[in-house]
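Trainee: Could you take me on a close look at one part of this model, the helix that you think deserves it, and show me how it fits with its surroundings?

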Amino acid sequence: MPLVLWAAASPANAELAARVAGLTSSGCHATSTCLPVPGSPHTRENRPRRSTMQVRSWSRSAGHDLTSACRPTDLDRGATRMTANQFDHLDPGLAPVMNEVFAAFRSNCPVAHSDRHGGFWSAFSHGAVRSTALDTRGFSSAAGIAIPPVTQDVVMAPMQYDPPEHAAFRAIIQKHFTRAAVAKHEAALRELVGRRLSALAAEGGADLVSEFAAVIPPIAFAEVMGLPHEDAQLFVSWTNELFAAAVMGDLAGQQRTFGIIASYLQTEIDRQRRAGADTVTTAIADGRLDGDGRALTQGEQLGMILLLVLAGHETTVAGIATMLYCLATVDGLREKVVERPDLIGKMVDESLRFESPVIGIARTVGQDAELAGQSLHAGERVLMVLSSANRDPEVFDRPDEFVCPRDRNPHLTFGTGVHRCVGEHLSLLEMRVVAEEVLRLVPDFTLVEGHRPRWVPGRLVRSLDSLPVTFER
Ligand code: HEM
């Protein structure tokens, strides 16, 4: 089971990316099987060969060979070329041009096979992503939702369970994440966001990623868990430590950190029980499967809590940063929502569609299946490319434009079906409160001139590295 499902810009991940990027130094000769993407880890020696299965699967499809069925994406952006059979969502060179690459894949090959990471299928169209997510019999979450998986012991419920077990785990936390339940935290969040913004405004400028966006989700997590806000950063450090240990294969290090977290949580559970609190922490500690079935094991409790940290942190940081970037750069958008604050909810939704924080979520094929004309075999892995589905012209009018208000916005940023994001309403609340407070307190923030934020790819999340701004005084 992948422990680090969502890590994006953590130091350990940056190091991993740097190591991967280091492999590019000898360059890549542009042949039909080795098409360079800036920063791509292909060298003449290590470049992947088309697997027999992959060629077989392409020739099976509609009688095309690979090159005609799925032409290389040849973008007029320097040397950016990538064929679907070399698609790698973790390639640092993909992040800046991702949307253009996906547009080409979507129209040429809505479901395609890549040789990377041991081989996996990608679903690029909205229809293919949706039908994969809704078919929990055909496409299982049990082997984890990341490609490639990171292996360790803790099972992350409910994400890693298929129906019917999935529902029993999800029911334990669901009631704390409804729209009405998270609304109870709005005042506390607003206070925090306002205080933070005022402090930054007094400085005259800030990096809105590291000094602002990154600070909010850990505190929102602490708030719903009933933990002291000042402990929020502890969870960020612990998950970074776990990620670093997982990348290094340091199981002893992982166990040590699990021990520290378990002991912290036990103290908190005791404290909250004594205070008669009703929080996500007590719900998990006292939760029973199917209402009155067995209690959760300590490992299951830990897995659920870690999942909430991992799933809610980098995703929402990326969501907030991207929204602020859109407010700073999309022509006329800021003026429009200042004039019509009733559009803020739609603006938040559109920014989540426009640049989805989560690039893709994986499944494992449960039984041989057809997907958009491709034959998939049991045991193969599939990446549902949410970012691509969100710009599918079959579903979205003017998909590459930021449209606010957009009347119908069936984006898949939070997934769909039984695994649809538990924290959706919490992150929407965080983003709405951030937008409202930014527009109230520092509506004239300006991106530092000449600064071009960089898109950083993570195992699942794509985020902006920085957003330096100045505030009008
Ligand atoms: C903008 C922010 C967020 C995005 C883009 C996002 C995205 C997603 C997606 C795409 C899934 C579906 C996974 C699948 O199909 O396997 C998911 C599931 C999940 N998310 Fe989020 N998420 C966000 C914020 C949060 C927050 C704030 C929390 C909690 C604090 C959270 C907790 C979860 C959990 C527990 C699941 C598993 C649900 C299940 O398997 O039933 N997420 N999220």
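Mentor: Let's settle a term before we start: helices (H or I, at least four residues) and strands (E, at least two) are DSSP runs, numbered from the N terminus. Residues are numbered from 1 along each chain as its sequence is written. This is a predicted model, in which local features need pLDDT of at least 70 and side-chain atom pairs count only at pLDDT 80 or more, while totals for chains, interfaces and linings use all residues.

The chain comes to 18 helices and 14 strands, and my choice is helix 14, which runs over 298–329. With seven residues, helix 14 gives the most to the shell around the ligand. A residue belongs near a molecule if its C-beta atom, placed from the backbone, lies within 6 Å of it. Helix 18 (424–441) likewise supplies at least two residues of that shell. There are 26 residues around the ligand, and those that come nearest are Gly 312, Thr 315, Gly 415, Cys 421 and Gly 423. By kind, the shell divides into 15 nonpolar, ten polar and one charged; Ala, Val, Leu, Ile, Met, Phe, Trp, Tyr, Cys and Pro count as nonpolar, Asp, Glu, Lys and Arg as charged, and the others, Gly among them, as polar.

Now for the packing. Nonpolar side chains tend to be buried together in soluble globular proteins. A residue is buried if 20 or more other C-beta atoms lie within 10 Å of its own, exposed if 12 or fewer, and partly exposed in between. Buried residues make up 46% of the 473 in this chain. A nonpolar core is a set of buried Ala, Val, Leu, Ile, Met, Phe, Trp, Tyr and Cys residues joined through C-beta atoms within 7 Å. The largest such core has 109 residues, and Ala 123, Ala 213, Ala 321, Leu 324 and Val 385 touch the most other members. Helix 14 brings the largest share of this core, 17 residues.

Take Ala 321 as an example: leaving out residues up to four places away in sequence, Ala 321 touches Leu 208, Val 209, Ala 213, Ser 463, Leu 464 and Leu 467. Touching means contact, with C-beta atoms, placed from the backbone, within 7 Å. Across the chain, among contacts between residues at least 6 apart in sequence, 72% join residues at least 24 apart.

Last, back to helix 18: the loop between helix 17 (386–389) and helix 18 holds Pro 405, and the peptide bond joining Cys 404 and Pro 405 is cis, with omega about 0°.

Key. Contact = placed C-beta atoms within 7 Å.
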